[in-house]
Amino acid sequence: FFRFLTSFFTAAFISLMTEFEKKEKAASIQCPYYNSATVGQHDQIKAPKDKHSNPAGTCYDLGKDGAFGSFKVLVGNFVHTGANLSRPTAALKQKGFKVDEVTTEAAFIAGLSSADVALFLSGSVKDKSRLTGTKEYYPAWVDATAEEFVSALNTFTRKQGKGLWVWTDNDPLFEHANAVLKPWFGITVQGNTPAEGTLSLDAETGADPPAGRFKRHILTTAITALYEGFTVSYPVRPPESGPQDQYRSRINSSNSQQKHPLAPFKVLATSTNGNPVSCFLDNEYSGDCHGRMLLDCGYTKLYTQWDEAGAARYVVNGVVWLLSLDRAHLKHDAQTPTFPTPCRYGSSCYNHDPGHRAKYSHPTSPQASSSTSLTPCRYGSGCRDLHDPYHCSKYSHPEAQPTHHSSSLPPCKHGGSCRDSHNPTHCAMYSHPSASSCSSALVPCRYGSSCRDIDDPGHCARFTHLSSGNASATVQGTKLPPCRHGASCRDRRDPEHCAKYSHPENNKELE
């Protein structure tokens with residue numbers, strides 16, 4: 001009986017602590033843009049339900065209505081008329097987002113510069129003879145190459161740290177997605193499997209959800225049932241795909257949790273056929289300043305049966321999550337740098353909108369830390385990568401150093417024209433004198449202004465190069481005695497002689 005009581009109270013205590021930790025975790029990720037009463041909650045919400053048992057009303061979504069007026073979503077609809085995105089667009093606009101839908105790769109690449117979150121619907125291969133699956137033909141790479149497309153997204157997501165949502169559908173509609181996923185992560189999307197099922201909330205939070213289930217996550221806030229799509233594909237890591245790119249490989253090898261076949265992605269939802277249908281990539285790994293990513297393999301949920309279970313909430317929750325507005329509350333490794341994108345106007349920025357201030361930092365100088373713990377960047381404050389958080393986590397960017405010629409340092413052989421004059425490490429070792437800045441207290445060169453070594457910084461560090469004539473009448477403000485030969489002196493071009501005597505034009509000055 002005593003053992004029974006002990007086990008009963010132990011289980012009750014563990015259950016109580018688990019609920020407390022859940023509430024504490026939910027509170028820790030709140031931010032002004034979130035509906036604080038429901039963030040991270042699912043079946044616990046006490047509210048009227050729709051026909052799929054999801055809480056009815058946009059007030060239960062992750063993000064607040066009208067709160068995102070400062071943010072822009074770029075949508076690349078590469079299946080054109082094959083997907084009517086008017087209803088997802090309306091749902092995002094209700095949250096306040098500005099939505100820009102484009103249908104070509106070139107327009108998508110151009111739009112990335114002003115977007116905060118980007119998502120695209122993948123098309124098919126360009127070569128019609130290579131079509132497989134349903135053979136739907138929405139050709140990729142019409143007005144931009146795959147390399148240009150991936151390079152632009154690399155800058156957007158991996159350098160600027162902005163969120164990206166990759167959407168695919170049944171074979172062959174995953175060409176754009178594979179162009180990104182394969183070189184970055186060694187993952188490809190394939191398959192053409194019937195779906196049309198409704199996924200249920202999984203009871204567990206840690207492991208991959210089983211078939212027909214989705215994970216409890218902030219992304220699925222206030223969703224207990226989710227439509228999977230009409231037909232879907234799924235991600236795999238082919239054995240012949242080779243290793244993922246160097247940066248992600250380094251992160252994964254240092255993370256014991258990254259042994260999943262789709263790592264660094266985690267499975268958010270598993271389709272009714274047992275394959276992953278939705279995955280997410282958070283930026284919580286040590287040293288990772290990349291943007292968050294989502295992968296969904298059934299974009300028919302965006303326009304087919306839009307009113308089915310949870311689709312609208314899933315879309316707006318996903319876009320809000322991709323903004324990383326709760327990033328400050330994530331539990332980062334002690335060495336993980338978290339640099340918000342610096343505003344181009346710095347401390348002089350006149351935009352005090354809360355959304356703008358949440359997205360950009362406003363340092364008094366460019367992102368130019370003078371920390372002695374960082375290696376000085378050779379380009380200093382003129383570096384082109386000042387807005388790259390990963391670069392700034394490794395290098396400091398002090399203001400340009402003056403091209404001094406301190407007598408305590410050996411002169412640089414390139415003088416004032418040295419290419420490394422902005423490199424603080426180099427300037428700490430060498431001075432950079434110029435011919436015009438040599439001190440007049442130095443020994444005059446015997447060849448004066450006609451010296452062949454006048455551009456040699458080492459020579460200029462030891463000798464002055466005085467001009468002939470009346471220009472030499474004074475040295476350091478002291479009047480020189482006139483030479484007895486005056487203007488007819490044969491030594492007028494001898495700097496040593498000119499440093500001692502002046503050479504007036506007439507003899508009146510001799511008197």
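Here is a walk through the charged pairs and the nonpolar core of this structure, which is a predicted model.

Let's start with charges. Side chains of opposite charge can pair when their charged atoms come close. In this model the count comes to 7 salt bridges, and a good place to pick up the thread is Asp61. Its side chain meets that of Lys95 in a salt bridge, at 2.9 Å from N to O. Asp61 sits in the loop between helix H1 (2-28) and strand S1 (72-77), while Lys95 sits in the loop between helix H2 (86-94) and strand S2 (98-102), so this pair ties together parts that are 34 residues apart in sequence. Both Asp61 and Lys95 are buried.

Asp61 has another partner to look at. The side chains of Asp61 and Arg313 also meet in a salt bridge, here at 2.5 Å from N to O. This one links distant parts of the chain: Asp61 is in the loop between H1 and S1, Arg313 is in helix H7 (residues 311-322), and the two are 252 residues apart. How buried are these two? Asp61 has a relative accessible area of 5% and Arg313 comes in at 9%; buried means under 20%, so Asp61 and Arg313 both count as buried.

Now move along to Asp282 and Arg292, whose side chains form a salt bridge at 2.8 Å from N to O. Both residues lie in the loop between strand S11 (276-281) and strand S12 (293-296), 10 residues apart. Asp282 counts as buried at 7% relative accessibility, and Arg292 is buried too, with a relative accessible area of 0%. Going back to Asp61, salt bridges that share partners join Asp61, Asp65, Lys95 and Arg313 into one network.

From charges, turn to the nonpolar side of things. The largest nonpolar core has 82 residues, and Phe97, Phe108 and Phe265 are the ones with the most contacts inside it. Which element gives the most to this core? That would be H7, with 8 residues. You've already met this helix, since Arg313 is in H7.

Phe108 is worth clicking on to see who surrounds it. Leaving aside neighbours within four places in sequence, Phe108 is in contact with Leu74, Val75, Gly76 and Phe78. Further along the chain, the list of Phe108 contacts also includes Val102, Ala118, Leu119, Phe120, Phe149 and Leu153.

Technical notes. Residues are numbered from 1 along each chain as its sequence is written. This is a predicted model: local features need pLDDT of at least 70, side-chain atom pairs count only at pLDDT 80 or more; totals for chains, interfaces and linings use all residues. Side-chain values use heavy atoms; hydrogens and water are left out. A salt bridge is a side-chain nitrogen of Lys or Arg within 4 Å of a carboxyl oxygen of Asp or Glu. Helices (H or I, at least four residues) and strands (E, at least two) are DSSP runs, numbered from the N terminus. Buried means under 20% relative accessible area, exposed over 50%, partly exposed in between (1.4 Å probe, protein chains only). A nonpolar core is a set of buried Ala, Val, Leu, Ile, Met, Phe, Trp, Tyr and Cys residues joined through side-chain atoms within 4.5 Å. Contact means heavy atoms within 4.5 Å.
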